[in-house]
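Okay, thanks for squeezing me in. I have a few residues to walk through, so let me put the thing up on the screen.

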Amino acid sequence: MQSAIKLNQKPEEHTEQVQRDLIHITCLIQKDGFDKYVFLHKSVQEFHAAKFIASLPHKHKKKFYSKLSNAIDKEDKFDNVLLFLKHIDTDDYN
């Protein structure tokens with residue numbers, strides 16, 4: 001959480017507020033019973049991963065898409081992320 005706060009250039013004291021909002025107000029993240037937090041549904045995590053990738057500078061996205069194109073036939077763990085990217089990062093996705 002703290003690294004996300006820093007990445008978005010927010011004051012560190014906002015960490016608890018953001019965490020509280022994600023857990024108690026939006027319910028996007030929940031406690032799993034093992035002292036860990038998980039996304040409510042895998043698609044929420046995949047969407048946010050895609051949004052993060054779409055926000056990267058072009059040179060980093062180019063590297064990501066290149067690595068992924070080499071592995072796409074071997075594994076399917078990025079399939080849903082790619083579906084989101086197809087719609088939110090159309091130019092670089094293509």
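Here's a starter: leaving out anything up to four places away in sequence, which residues does E46 touch? Keep in mind that this is a predicted model. The answer is N80, V81 and F84, with those close sequence neighbours not counted. As for where E46 itself sits, look at helix α3, which spans residues 42-55. And it's a buried glutamate: E46 has a relative accessible area of 7%, and it counts as buried because that is under the 20% cut-off.

Next one, F39. You'll find F39 in strand β2, residues 37-39. Buried or exposed, where would you put F39? Somewhere in the middle, actually: its relative accessible area comes out at 31%, so F39 is called partly exposed, in between the 20% and 50% limits. Its contacts, again skipping residues up to four places away in sequence, are L28, I29, V44, Q45 and H48. If you want a distance, take F39 and L22: these two are 17 residues apart along the chain, and their C-alpha atoms are separated by 9.6 Å.

Last stop is D35. Scroll to the loop between β1, which is 29-31, and β2, and D35 is in there. What does the backbone do at D35? Phi is near 60°, so to speak on the positive side, and this is a residue other than glycine. On accessibility, D35 is at 70%, and it counts as exposed because that is over 50%.

That's my tour; happy to go back to any of these.

Key. Residues numbered from 1 in each chain as written. Predicted model: local features only at pLDDT ≥ 70, side-chain atom pairs only at ≥ 80, totals over all residues. Heavy atoms only, no water. Helix = DSSP H or I, 4+ residues; strand = E, 2+ residues; numbered from the N terminus. Buried < 20%, exposed > 50% of the residue type's maximum accessible area, 1.4 Å probe, protein only. Contact = heavy atoms within 4.5 Å.
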